[in-house]
Amino acid sequence: IQIHPQKLLSLDQNTMSSSSPTSSNDIPTTNTLSASPSSKNEIPPAGHEFHRSHSHSGEKRPYDPFKDSNVRYLGYINEFGEALRQVIPRSIVLGTYGVAGAYGLADAAHKAWLAKSEPTETQRLQGSTFSMFRAFTETTIFQCLASVFVPPYFIHLAVQAGKKLVKKQGFAPSSLKYKYIPMMIGLSIIPILPYTLDPVVEFAMDTTVHAGFNKWEIHRLKTLQQDIPPAILNDLKDIDEERQEMLNRVKDEL
């Protein structure tokens, strides 16, 4: 048997440049050598971060009609309904919540459909059922927090504070100022809510829902180590460690 020195050197360099380093006693499996991703940036992130503009690798996410088109404004309509609660019928206010809720469910269904029709490498390894469940669950929770419940709650607090303010000024409940000044206060904070609340919701998702799913995925992938590229398992571990470090930094600052 003849071994060409150049081929041996090339194989050694490829092994050293693998994203999942092995010890001298480890023998790389066929899956390790045949894994197509050769760098961390080429490995799709394990989490379904559809609410972010960029992935963990820094690459801009693909176009999303629910985030990058005028359809996104349907998620804000209940905020306007809450701000206008004093001057519009209650049925219309509840209707705006229904529209925002339908938008959130449609977005979640769209992300679950993408997980099945255009799966990432990680999603293909996990199977369509688990990937669709994770995509739908994460998107639904995020939309409930960032669109349906949390922003209207703060708008409600702002309107109530405005009502107390005009009441202290001596305006009668039947006057226009008593109705419209709190309404204007509620409307004025709508533009700043996405920039203030979304990062908080994203951090809460990262440290709870995302972290929980990542640990579940790591456990699932560990049982299939012989059938998957080790680089994907390492990438899942890196994402979980990064989020844990973020949580530790916030705890230190507090």
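Here are four short exercises, with worked solutions, on the predicted model shown above.

**Exercise 1. Compare the span of helix 5 with its expected span.**

Solution. Start with the extent: helix 5 covers residues 90-117, which is 28 residues. The expected span takes 1.5 Å times one less than the number of residues, and for helix 5 this gives 40 Å. Now take the model itself, where the first and last C-alpha of helix 5 are 41 Å apart. The span in the model is therefore close to the expected one.

**Exercise 2. Find out whether Lys-111 is buried or exposed, and identify a side-chain partner for this residue.**

Solution. First, place the residue: Lys-111 belongs to helix 5. Next, check its accessibility. The relative accessible area of Lys-111 is 0%, and buried means under 20%, so Lys-111 counts as buried. Then look for a partner: the side chain of Lys-111 makes a polar contact of 2.2 Å with that of Asp-107. Asp-107 is also among the buried residues of helix 5. Finally, think about helix geometry. With 3.6 residues a turn, an α-helix has residues three or four places apart pointing the same way. Other buried residues of helix 5 include Ala-100, Tyr-103, Gly-104, Ala-108 and Leu-114.

**Exercise 3. Work out which residues the ring pairs link into a cluster with Phe-130, and describe the pairs.**

Solution. Begin with the total: the structure has 8 aromatic pairs. One of them joins Phe-130 and Trp-216, with ring centres 4.9 Å apart and 90° between the planes. An angle over 60 degrees counts as edge-to-face, so this pair is edge-to-face. Phe-130 sits in helix 7 (residues 128-168) and Trp-216 in helix 9 (residues 193-222), so the pair links parts of the chain 86 residues apart. Phe-130 is buried at 8% relative accessible area, whereas Trp-216 is partly exposed at 40%.

Now take Phe-133 and Phe-213, another edge-to-face pair, at 6.1 Å centre to centre and 70° between the planes. This pair also links distant parts of the chain, from Phe-133 in helix 7 to Phe-213 in helix 9, 80 residues apart. Here Phe-133 is partly exposed, with 45% relative accessibility, while Phe-213 is buried, with 8%.

Put the pieces together: ring pairs link Phe-130 with Phe-133, Phe-213 and Trp-216 in a cluster.

**Exercise 4. Which residue lies over the face of Tyr-76?**

Solution. Look above the ring of Tyr-76, and you will find Arg-72. The distance from Arg-72 to the ring centre is 4.6 Å, and the cut-off for a charge over a ring is within 6 Å.

Terms used:
Residues are numbered from 1 along each chain as its sequence is written. Side-chain values use heavy atoms; hydrogens and water are left out. Helices (H or I, at least four residues) and strands (E, at least two) are DSSP runs, numbered from the N terminus. Buried means under 20% relative accessible area, exposed over 50%, partly exposed in between (1.4 Å probe, protein chains only). Rings of Phe, Tyr and Trp (its six-membered ring) pair if their centres lie within 6.5 Å; planes under 30 degrees apart count as stacked, over 60 as edge-to-face and the rest as tilted. A charge sits over a ring if NZ of Lys or CZ of Arg is within 6 Å of the ring centre and within 35 degrees of the ring normal. A polar contact is a pair of N or O atoms within 3.5 Å; within protein, one must be able to donate a hydrogen and the other to accept it, and residues adjacent in sequence count only if both atoms are side-chain atoms.
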